[in-house]
Amino acid sequence: MKALIKKGSRNIIKKRGVLLAALAGAVVLTACQASGSEEEKSSADTETVSTTAGNESSGDLQISQGEMGNPDEDTETGAEEKAEETDGTAAEPIADNFSADPAVVADYAALIKEAVAQKDMEKLADLTGFPVYVGLEGVDVVESREDFLALDPAAVFSEEMCASIEKADTSDLAPSKAGFTLMGGGEDPSITFGVVNGELRIKGINY
């Protein structure tokens, strides 16, 4: 009888041990699964953050490029502004000869001197307002640019004219109703320029 009881007790203890082992295994398996889920979630979160950061960086780059503007357009705008500055066209129309900026007047006179020194009919025509008086024999008033370019360059850029304009001082040109007279002095040939339709232009070439 005691042997039977002892055997039954052993069986019960054995069953409890198996049950406990099974429970422990289940706990370990659950813990592993939970850990794996956390790792997967962490990895997914990392990928999401990386993707978001990448998109934000791309957006920042696009915004930066937009703020920078189009370099070609900037270059074209700068070239147009420079062209306006060099041909005597002011940002705002000039009211009259007396209100013209002396610095702008001096720069325009320098352009005339350059055109004469180079004996460049095209450049001189660019600086001229038409119709224009040209004091050459048989010429008088020239109505258009085409007519001006048809004149004899040797007559337009005579030795006397070139010498006079070369000696002319561009830093102290006094305004008058006629404009500004560029000449060496005395009875020398001269070029008069002034405000025409809000811009500086050559108005007369005198010999």
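pLDDT is the predictor's confidence in each residue, on a scale from 0 to 100. You will want it on this tour, since the model is predicted: local features need pLDDT of at least 70, side-chain atom pairs count only at pLDDT 80 or more, and totals for chains, interfaces and linings use all residues. Residues are numbered from 1 along each chain as its sequence is written, and side-chain values use heavy atoms, with hydrogens and water left out.

**Stop 1: confidence.** Colour the chain by pLDDT. The mean is 75, and 56% of the residues reach 70 or more. Select residues 1-9: pLDDT is below 50 here, and the stretch has zero contacts beyond near neighbours in sequence (contact means heavy atoms within 4.5 Å). Now select residues 44-69, where pLDDT stays under 50 and the model has one contact beyond four places in sequence. Where pLDDT is low, the predicted coordinates should not be read in detail.

**Stop 2: strands.** Helices (H or I, at least four residues) and strands (E, at least two) are DSSP runs, numbered from the N terminus; two strands pair if DSSP finds at least two bridges between them. Select strand E1, residues 128-134, together with strand E5, residues 199-206: they pair in the parallel sense over three bridges. Look for Thr-128 opposite Ile-202 of E5. Next add strand E2, residues 140-142, which runs antiparallel to E1 and is joined to E1 by three bridges. Tyr-133 has Val-141 in E2 as its bridge partner. Five residues separate E1 and E2 in this hairpin, and Gly-138 in the turn has a positive phi of about 80°.

**Stop 3: aromatic rings.** Rings of Phe, Tyr and Trp (its six-membered ring) pair if their centres lie within 6.5 Å; planes under 30 degrees apart count as stacked, over 60 as edge-to-face and the rest as tilted. The whole structure has three aromatic pairs. Show Tyr-108 and Phe-193, a tilted pair with 5.5 Å centre to centre and 40° between the planes. Tyr-108 lies in helix H3 (residues 102-117) and Phe-193 in strand E4 (residues 190-196), so the pair ties together parts 85 residues apart in sequence. Add Phe-180 to see one aromatic cluster of Tyr-108, Phe-180 and Phe-193.

**Stop 4: the core.** A nonpolar core is a set of buried Ala, Val, Leu, Ile, Met, Phe, Trp, Tyr and Cys residues joined through side-chain atoms within 4.5 Å, where buried means under 20% relative accessible area (1.4 Å probe, protein chains only). Which residues touch the most other members of the largest core? Among its 33 residues, they are Ile-112, Leu-124, Phe-148, Phe-193 and Ile-202. H3 supplies the largest share, six residues.

Conventions:
Buried < 20%, exposed > 50% of the residue type's maximum accessible area, 1.4 Å probe, protein only.
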